[in-house]
Amino acid sequence: MKIAILPGDGIGHEIIAEAVKVLNALELDLELEYADVGGTAYDKHGHPLPEHTLNLALSADAVLFGAVGDWKYDKLERHLRPEQAILGLRKALGLYANFRPAICYKELVNASSLKPELVAGLDILLIRELTGDIYFGTPRGRRTAEDGHFPGTEEAFDTMRYSRPEIERIAHTAFQAAQKRSKRLTSVDKNNVLETSQLWKDVVVEVAKEYPDVELDHMLVDNAAMQLVKAPKKFDVVVTGNMFGDILSDEAAMLTGSIGMLPSASLNDKNQGLYEPSHGSAPDIAGQGIANPLATILSAAMMLRFSLNQEAAATRIEAAVQKVLEQGLRTVDIWSEGTTKVSTAEMGDAVVAAL
Ligand code: NAD
């Protein structure tokens with residue numbers, strides 16, 4: 001099992017080091033190979049996603065990714081910015097399904113901005129289509145308007161677009177994920193206004209016939225945004241398009257209150273995947289040894305489950321994380337009165353000990 005390890009920038013190196021510690025402690029037959037990505041790669045090789053890094057990612061069973069980005073790269077041309085490395089990897093690997101769990105551990109309920117009773121025990125899996133929709137649809141651009149409300153003035157336009165096969169494959173992914181959980185799936189769209197959403201809903205309903213054991217319901221995206229803060233525990237698996245998923249996954253993540261705890265996975269049809277924490281490179285705390293490594297450690301658990309077929313090892317890691325929280329160990333981002341403040345490395349060591 002070959003894993004490409006791409007630490008990236010900022011806290012990327014610190015959090016990946018702890019995830020690697022945990023992977024090594026499992027004593028599985030893993031081949032770990034490192035490469036530069038993001039701003040670090042731009043500084044050393046002139047490109048955020050050098051060919052060597054891309055080839056390593058393509059040849060690996062999975063990619064474990066830290067984070068990329070730093071304000072100092074903001075003035076670079078767009079195609080050279082660190083964040084372009086993620087888009088390049090998604091495209092090259094065909095990563096069309098993004099899994100974003102939002103789990104609220106009972107020990108951390110007070111980190112949420114919602115009332116504890118609304119979020120305690122929350123466990124949502126949001127599945128976002130990642131390669132289609134308005135972010136990639138063409139034509140797009142800026143031009144002088146020929147018609148509309150203000151002809152003759154500058155306008156900009158994007159194209160929201162989904163094909164049947166794109167919707168079918170993400171729907172299958174979502175139904176299969178739901179089968180492994182509570183067998184409930186909510187499909188989110190905006191079919192009262194958008195043609196793309198009507199096709200989305202029609203196709204999801206057709207695919208549902210192949211999964212009679214899964215209870216499917218549909219929700220408009222505006223209502224979903226509202227229900228997520230009103231009664232989030234009603235949701236189990238949620239599937240939606242790229243733009244709605246972009247927004248709802250951050251909303252769902254914030255219900256848990258602790259960005260340092262949230263893993264993510266992006267998968268292709270061969271179950272190759274890119275696994276990364278949901279947060280960024282946190283340049284404000286990089287190098288201080290205080291970043292929370294648990295999102296990255298939990299991403300490694302998802303990697304073992306989804307790309308490497310090591311369910312038992314994944315469950316062991318998740319149980320170990322649960323145990324260190326029960327022991328009262330906290331990095332500064334999740335610390336509260338009465339708990340023990342630990343560094344990035346101490347947290348990694350504690351997870352290894354709990355394993
Ligand atoms: P961020 O997620 O890096 O940080 C937001 C806040 O959360 C900061 O205060 C940070 O200190 C804190 N934080 C984040 N992760 C943490 C952790 N593990 N432990 C403790 N605290 C943590 O978002 P940002 O500040 O908006 O962006 C910083 C850089 O990261 C930018 O260059 C941005 O483009 C990039 N970014 C990259 C990714 C990615 O690599 N997938 C995702 C988002 C942002």
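Start with the open sheet: ten strands in the order β2-β1-β3-β12-β11-β4-β5-β10-β8-β9, with mixed pairing. Strands here are DSSP E runs of at least two residues and helices are H or I runs of at least four, numbered from the N terminus, and two strands pair if DSSP finds at least two bridges between them. This is a predicted model, with local features needing pLDDT of at least 70 and side-chain atom pairs pLDDT 80 or more, while totals for chains, interfaces and linings use all residues. Residues are numbered from 1 along each chain as its sequence is written, and side-chain values use heavy atoms, leaving out hydrogens and water.

Now select β2 (31-34) and β9 (215-220). Each sits at an edge with a single partner strand, so one side of each has no neighbour in the sheet. From one strand to the next, the twist averages 20°.

Next, pick β1, residues 2-8: four bridges join β1 to β2, and the two run parallel. Show Ile-3 and you'll find Leu-32 of β2 opposite.

Add helix α3 (51-59), which lies across β1, β2 and β3 (62-67) at about 140° to β1. Angles run from 0 to 180 degrees between N-to-C directions, with axes fitted to C-alpha atoms, for helices over the stretch in contact; contact means heavy atoms within 4.5 Å.

Last stop: α10 (294-306) and α11 (311-326), whose axes come within 7 Å and cross at roughly 160°. That makes α10 roughly antiparallel to α11 (over 145 degrees). On the α10 side, select contact residues including Leu-294, Ile-297 and Leu-298; on α11, try Ile-317, Val-321 and Leu-325, among others.

Definitions and conventions:
Angles under 35 degrees count as roughly parallel, over 145 as roughly antiparallel, 65 to 115 as roughly perpendicular and the rest as oblique.
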